[in-house]
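Biologist: Got a minute to go over this model with me? Put it up and we'll start with one helix.

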Amino acid sequence: MPIRHFTKRLLSKVAWHAYNTYRKGLDYNTQFSQTTKILDAPRENIEAFQAQRLERLLKHAYRTTPYYREILKTAHSDISRIPPLEKQDIREHLDSLSSTAFTRKQRIRNATGGSTGAPLTFYQDRNYWNQRNLSVYYFDQWAGWNFGEPQLIIWGSLADLREDRPWKHQLDTFWRNQYWLNGFRLTDTAMWAAFEKMNQCQPQTILAYPSSLYQFAKFISKNGLTPLCKLKGIIASAEMLQPHYRTLAELVFKTKVHNRYGSREVGLIAMECAEGRMHINCRDLYLEIESPDPYTEPGEILITQLNNYAMPFIRYRIGDVGLLSDEICPCGSDLPILAELLGRTTATFRTRRGTLIHGGYFTQQFYDIDGVTQFQIIQESLKHCTLKVVTNEKWTEATHRYLVQRIQDALGTTVVVTVELVDDIPLPPSGKREYTISKVGSDIGDL
Ligand SMILES: [Zn+2]
């Protein structure tokens with residue numbers, strides 16, 4: 001290994017340790033080994049831990065949130081009798097769902113881009129983030145990740161799309177030993193540069209949006225290139241991992257792709273092991289399938305987040321459909337298995353130059369704009385796009401121009417954008433809101 005790579009890994013390991021000690025306290029190492037111990041434990045120990053955490057959360061919710069005090073009626077509740085928490089409930093009761101045990105300053109605001117449901121704002125606390133990160137470290141190790149080891153990230157970052165890229169992002173990626181390829185704009189030039197960077201930096205793992213990983217793998221394959229790095233594994237997250245994405249990526253990168261299922265609202269939900277099963281993160285959450293028989297009949301996934309005391313999410317309807325499995329996994333983990341994850345798709349747009357624009361590019365830019373209550377972007381053709389908007393009192397002509405500009409920035413300045421102000425954007429039969437729909441190509445992933 002060249003000396004500069006060795007030094008960088010060493011520096012990054014030290015930086016990771018310092019970061020975690022700063023965030024989680026001097027007993028960070030103990031916390032991490034406790035996390036590992038719980039997640040590696042036999043099923044009965046995991047379930048006992050989970051039940052204890054659940055009881056504590058319900059008591060906390062009853063005592064400190066007006067919303068749950070009203071719903072639960074008592075501090076000792078049976079979770080199966082609690083009505084699921086809908087996204088609309090969070091929108092309407094943001095304040096009464098927030099715990100009075102936390103000051104405004106202690107609440108950390110977060111929001112979803114709305115790729116799997118309507119855009120949503122909510123609060124989390126520092127301990128939630130600490131626990132979330134500990135779980136991510138644990139599960140990412142299943143895919144070969146480790147502190148300080150170089151990682152290629154094929155991800156959407158709006159900061160990377162802007163000329164005024166914040167210095168903080170660059171500093172973060174430096175000390176974390178990460179290299180970024182922007183998944184929202186995968187041009188041939190960007191992919192050539194990323195391929196060269198990958199050979200030079202020798203990442204051990206890749207963390208990627210599945211569709212972007214697929215495009216990168218396809219580019220490498222089409223150009224007859226061979227990656228020179230020896231990857232330990234790939235983590236695919238944030239959208240559905242289509243079977244053909246996996247097949248090509250595993251062929252090109254000669255390593256296993258691990259599917260990771262999570263969300264901004266509740267953190268890491270499940271991770272695929274070496275034997276190809278999705279194990280549920282029972283340390284951080286309690287997962288239910290809304291079905292008469294969750295082992296044979298798929299149903300909507302309900303999640304209770306066990307660590308977020310700033311704003312309890314109890315039986316949160318996340319907007320995905322799943323099925324459980326009762327098989328014992330040969331990998332040795334006793335964590336229960338999510339047999340199938342259905343739903344969750346994000347439309348991908350294509351520009352006239354052939355660049356693919358991930359639907360998340362739009363949802364991330366548009367979800368938090370004053371004046372916009374609801375939106376949907378439809379790519380009618382390579383030359384024409386329709387933007388449907390449900391506006392509110394803050395809508396101005398400047399907002400109109402801004403949205404059109406953002407779409408043209410992504411799809412090309414000659415693209416005609418028709419803005420339709422509508423009263424409502426009805427849900428499709430699936431019940432899942434579609435923010436981006438592309439009519440260009442039936443299977444854009446195969447273009
Ligand atoms: Zn397993």
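Biologist: Which residues of α14 are exposed?
Modeller: E397, A398, R401, Q405 and D409 are exposed, on the other side of α14 from the buried ones. Exposed means 12 or fewer other C-beta atoms within 10 Å of the residue's own, buried means 20 or more, and partly exposed is in between, with C-beta atoms placed from the backbone. This is a predicted model: local features need pLDDT of at least 70, side-chain atom pairs count only at pLDDT 80 or more, and totals for chains, interfaces and linings use all residues. Residues are numbered from 1 along each chain as its sequence is written.

Biologist: And which are buried in α14?
Modeller: L403, I407, A410 and L411. They sit on the same side of α14, because they cover an arc of only 90 degrees around the axis. That arc is taken from the directions from the helix axis to the C-beta atoms.

Biologist: What comes just after α14?
Modeller: G412, with a positive phi of about 125 degrees.

Biologist: Switching to the sheet. What's the strand order?
Modeller: β18-β17-β16-β19, an open sheet of four strands with mixed pairing. Strands pair if DSSP finds at least two bridges between them. Strands are DSSP runs of E, at least two residues; helices are runs of H or I, at least four; both are numbered from the N terminus. β18 (416-421) and β19 (436-438) are the edge strands.

Biologist: How many bridges join β17 to β18?
Modeller: Six, and the two strands run parallel. One bridge partner of note is L421 in β18, for V389.
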